Amino acid sequence: MTESWDVVVVGAGIAGLTAARVCAEQGLRVVAHDMLAPGGRLINLGAVQAWPGGTPQGPEFAGALLEEVMTAGVEIAYGEVTGLTPGRPITVETGEGPVTARAVVVATGLAADEGALTDTRDWAGRGLSECASCDGPLYAGKKVVVLGGDEWSAAEALELAEVAAHVTVVAARTSWSAAAERAVGAAPSIEVRRGATATGLEGPSALAAVHLDDGTTIEAAGVFLAAATRPRRALLDAAGGDPHVLAAGDVGLPAHTPTLLAAAADGRRAGLAVVDLLSPKD
Ligand SMILES: Cc1cc2nc3c(=O)[nH]c(=O)nc-3n(C[C@H](O)[C@H](O)[C@H](O)COP(=O)(O)OP(=O)(O)OC[C@H]3O[C@@H](n4cnc5c(N)ncnc54)[C@H](O)[C@@H]3O)c2cc1C
């Protein structure tokens with residue numbers, strides 16, 4: 001029999017988990033699905049920046065968040081949600097088959113900005129990474145390239161500079177803060193190539209070089225996709241404006257420097273909206 005939920009949350013990052021918790025605390029039956037691991041982008045971060053009152057480590061922060069959410073009664077499910085059919089109820093295609101929900105929160109976040117690269121999948125495990133704190137140590141003493149010019153690209157470059165021999169940041173333009181500009185400028189092993197875009201990756205099996213659109217080539221053993229800019233909107237588009245399908249977090253927020261704080265606040269807003277939507281009306 002198809003399992004029925006009050007609320008299905010897709011994406012267990014900080015936005016989805018916050019929305020799920022708000023709903024569960026109001027007595028709704030809630031499941032949060034994630035195709036990777038609960039915590040979302042948070043689990044890929046070292047020291048979290050721009051969080052009021054401290055710089056927690058990402059994985060510990062994610063663990064504490066998950067514990068609170070499960071204590072509130074949220075169920076966690078693993079696997080990709082591949083489709084959604086609007087209606088009453090809404091049908092959600094999960095890794096374990098279809099389930100139904102009275103409301104769905106889509107909190108699927110942003111995908112990495114691949115720029116002009118078309119073959120990134122082929123390079124996974126051969127030099128391409130989206131996580132400096134996870135994969136940085138693999139490049140100790142080697143040359144790496146960071147693609148992206150936003151605040152978090154600067155943070156990734158600084159983290160990599162602690163282990164790599166040399167870091168080249170390649171960015172069409174940089175939009176990072178003055179503080180990030182100072183920190184990057186003060187790091188002797190970081191070079192910034194503004195006005196350039198990566199167009200291709202090359203290597204016999206592991207990565208050896210990154211080609212740029214200005215015709216130059218950078219020797220590199222690793223390339224990091226540091227900017228996440230593409231909203232994962234497929235499920236929102238499938239919902240066709242169904243008012244019982246709500247966006248939460250980065251996937252629905254206007255383009256700006258995405259932050260955990262904004263995503264958490266938006267998750268809370270979405271959770272409260274779902275509670276209101278599903279409350280009996282007089
Ligand atoms: C390199 C980098 C460093 C950053 N550093 C900081 C920082 O220091 N401080 C800060 O405040 N912000 C930082 N940010 C931004 C912050 O991480 C995001 O704003 C925040 O994680 C967004 O939360 P979210 O819940 O909306 O999305 P996410 O954290 O991206 O979570 C989305 C989740 O949805 C899941 N998902 C997606 N599609 C599906 C599907 N179809 N089925 C099931 N699951 C799915 C994903 O697996 C993921 O777990 C950084 C971002 C980047 C890219």
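Mentor: A polar contact is a pair of N or O atoms within 3.5 Å. Please keep in mind that this is a predicted model.

Trainee: Which ligand atom does a backbone atom of Val 81 approach, and at what separation?

Mentor: A backbone N or O atom of Val 81 lies 2.9 Å from a nitrogen atom of the ligand. Oxygen atoms of the ligand take part as well: one is 2.9 Å from a backbone N or O atom of Arg 41, and a polar backbone atom of Leu 260 is 2.9 Å from a ligand oxygen.

Trainee: How much of the ligand does the protein bury?

Mentor: The ligand taken alone exposes 1000 Å², of which the protein buries 95%. Helix H1 (14-25), strand E2 (30-34), helix H5 (151-161) and helix H8 (260-278) each give two or more residues to the surrounding shell.

Trainee: How many residues surround the ligand, and of which classes?

Mentor: The shell has 31 residues, with Asp 34, Gln 49, Val 81, Asp 250 and Leu 260 the closest. By class, 15 are nonpolar, 10 polar and 6 charged.

Trainee: Why does the ligand lie between domain 1 and domain 2?

Mentor: Domain 1 (3-109 + 232-278) and domain 2 (112-228) both contribute residues to the shell, so the ligand lies between them.

Trainee: How should I read the sheet that contains strand E13, and which strands are at its edges?

Mentor: Strands are considered paired if at least two bridges are found between them. Here, 3 strands form an open, antiparallel sheet in the order E12-E13-E14. Strand E12 (198-202) and strand E14 (217-219) are the edges, each pairing on one side only. Strand E13 (residues 209-212) is joined to E14 by 3 bridges, and Val 210 has Ile 218 in E14 as its bridge partner.

Key. Residues numbered from 1 in each chain as written. Predicted model: local features only at pLDDT ≥ 70, side-chain atom pairs only at ≥ 80, totals over all residues. Heavy atoms only, no water. Helix = DSSP H or I, 4+ residues; strand = E, 2+ residues; numbered from the N terminus. Near = heavy atom within 4 Å. Polar contact = N/O pair within 3.5 Å; in protein donor to acceptor, adjacent residues only side chain to side chain. Areas by Shrake-Rupley, 256 points an atom, 1.4 Å probe, with all protein chains shown as cover. Nonpolar A, V, L, I, M, F, W, Y, C, P; charged D, E, K, R; others polar. Domains from an automatic or database assignment.
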